[in-house]
Amino acid sequence: MAFAPGLLAGRRALVTGGGTGLGRSIGRRFLELGASLAICGRRGAVLDAAVDAFRADVPGAVVTTHPCDIRDAVAVEAMLDDVWRDGPADILVNNAAANFLAQTHRLSARAVDAVLGTTLHGAAYCTVGCGRRWIEAGQPGVVLSILTLSALQGGAFTAPSAMAKAGLLAMTQSLAVEWGPHGIRLVAIAPGTFPTEAAVARLRPGGVEHAGVPLRRAGKHEELTDLAAFLVSDHAGYVTGECVVADGGRRLLGGARAGAQEMLDWTDADWAAQRARTPAR
Ligand SMILES: CCCCCCCCC/C=C/C(=O)SCCNC(=O)CCNC(=O)[C@H](O)C(C)(C)COP(=O)(O)OP(=O)(O)OC[C@H]1O[C@@H](n2cnc3c(N)ncnc32)[C@H](O)[C@@H]1OP(=O)(O)O
Ligand SMILES: NC(=O)C1=CN([C@@H]2O[C@H](COP(=O)(O)OP(=O)(O)OC[C@H]3O[C@@H](n4cnc5c(N)ncnc54)[C@H](OP(=O)(O)O)[C@@H]3O)[C@@H](O)[C@H]2O)C=CC1
């Protein structure tokens, strides 16, 4: 274990979409580090199964479940009231999201709304609701939003998701300033490829390949969850409004460096041949 076991002792985190995938991994890591947890998602049975697994993995884990569709602002307020009944949360992780591959010109209005409603509006409702509670109570808080690389560089065939995540980055930067005087930090992570059941099925139907990743592999969940734990901890207490990219270098291989991708696999003989093709003047 890289961190002190009590890194998040006494803290309470609400993780949206905490019943599956990366949200579930983040929740388990926070529990291991001493936090208590509230998780939400639409399917109560999925949340309950996650709680059983948490308790098996982390003896004494304190977790509450809050079934909620975060696209519904009224339901989000009721969910936050429910969470706060057991004591205030002081960490919000905006992790729940919706995404699928599609040609954008064929999307119906309902399809656009399905993605924006969850990924952008839902996260905004949760953030505003937590921020208002923290400010009214005069207590500090941290909001961690899980973005994607497409928030930074666009996302062909997942345009609504890219638009929503870019909006969350703008929210992170805006509220870092507006809520800074209240002791509230907002931070974000833009993950590259971290295999989960949903992401592979929806976004990489042909399987996960690593040709475009300088580190030549997918991310391990613990590499994301440790970064998340650090960013919400007091050790990152002076970091706000920032987005940390965790992508094995993938983002830097595009654009002007796109041609470098094949060079990663060149042999010494390939490099010698290239040297020979580049005569000195
Ligand atoms: C390791 C890998 C690294 C991958 C590395 C890349 C990482 C990318 C970063 C992002 C990753 C993620 O977000 S991964 C997270 C993925 N997880 C999820 O998406 C889980 C939540 N998603 C969902 O519940 C569903 O997919 C979703 C459609 C969004 C909402 O479901 P609902 O039941 O509420 O809605 P529905 O009624 O089914 O659909 C609403 C409308 O959307 C349309 N619609 C639904 N699916 C559609 C589709 N595929 N193409 C077009 N249109 C679609 C329907 O026809 C409806 O429009 P009408 O016909 O007009 O009525
Ligand atoms: N896996 C990866 O490689 C990457 C993932 N990400 C991001 O990481 C996060 C997690 O993704 P991942 O774990 O892969 O995918 P999952 O589909 O497993 O996670 C999404 C979660 O959000 C919940 N959710 C979806 N819609 C709603 C809603 N309307 N209201 C409440 N909860 C909802 C789902 O539960 P339920 O269906 O029960 O509501 C589910 O638990 C997302 O923000 C994603 O964009 C970013 C880059 C790469």
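## Ligand 2 and its surroundings

A residue is near a molecule or strand if one of its heavy atoms lies within 4 Å of it. Around ligand 2 there are 26 residues, and T20, R42, R43, N95 and T196 come nearest. This is a predicted model, in which local features need pLDDT of at least 70, side-chain atom pairs count only at pLDDT 80 or more, and totals for chains, interfaces and linings use all residues. Residues are numbered from 1 along each chain as its sequence is written, chains are lettered from A and ligands numbered from 1 in the order in which they are written, and side-chain values use heavy atoms, with hydrogens and water left out.

The shell around ligand 2 holds eleven nonpolar, ten polar and five charged residues. Here Ala, Val, Leu, Ile, Met, Phe, Trp, Tyr, Cys and Pro count as nonpolar, Asp, Glu, Lys and Arg as charged, and the others, Gly among them, as polar. Helix 1 (21-32) and helix 7 each give this shell at least two residues. Helices are DSSP runs (H or I, at least four residues), numbered from the N terminus.

## Atoms that meet ligand 2

An oxygen atom of ligand 2 lies 2.7 Å from an N or O atom in the R43 side chain. A nitrogen atom of ligand 2 is 2.9 Å from a polar backbone atom of F194. For G17, a polar backbone atom is 3.3 Å from an oxygen atom of the ligand. The protein buries 88% of the 870 Å² that ligand 2 exposes when taken alone. Such areas come from the Shrake-Rupley method with a 1.4 Å probe.

## Ligand 1

Ligand 1 is surrounded by 20 residues, the closest being R42, N99, S108, R110 and R202. Its shell divides into eleven nonpolar, four polar and five charged residues. Helix 4 (109-137) and helix 7 (197-203) each supply at least two of them. Helix 7 gives the largest share, four residues.

Side-chain N or O atoms of S108 and R110 each sit 2.6 Å from an oxygen atom of ligand 1. For R202, that distance is 2.8 Å. The protein covers 65% of the 1,200 Å² of accessible area that ligand 1 has on its own.

## Cysteines

How many disulfides does the rule count? The count is zero, where a disulfide is a pair of cysteine sulfur atoms within 2.5 Å. The sulfur of C40 has its closest cysteine sulfur in C68, 5.5 Å away, so the two are too far apart for a bond. C40 is buried (under 20% relative accessible area, 1.4 Å probe, protein chains only), at 1%. C68 is also buried, at 7%.

Conventions:
A polar contact is a pair of N or O atoms within 3.5 Å; within protein, one must be able to donate a hydrogen and the other to accept it, and residues adjacent in sequence count only if both atoms are side-chain atoms. Buried means under 20% relative accessible area, exposed over 50%, partly exposed in between (1.4 Å probe, protein chains only).
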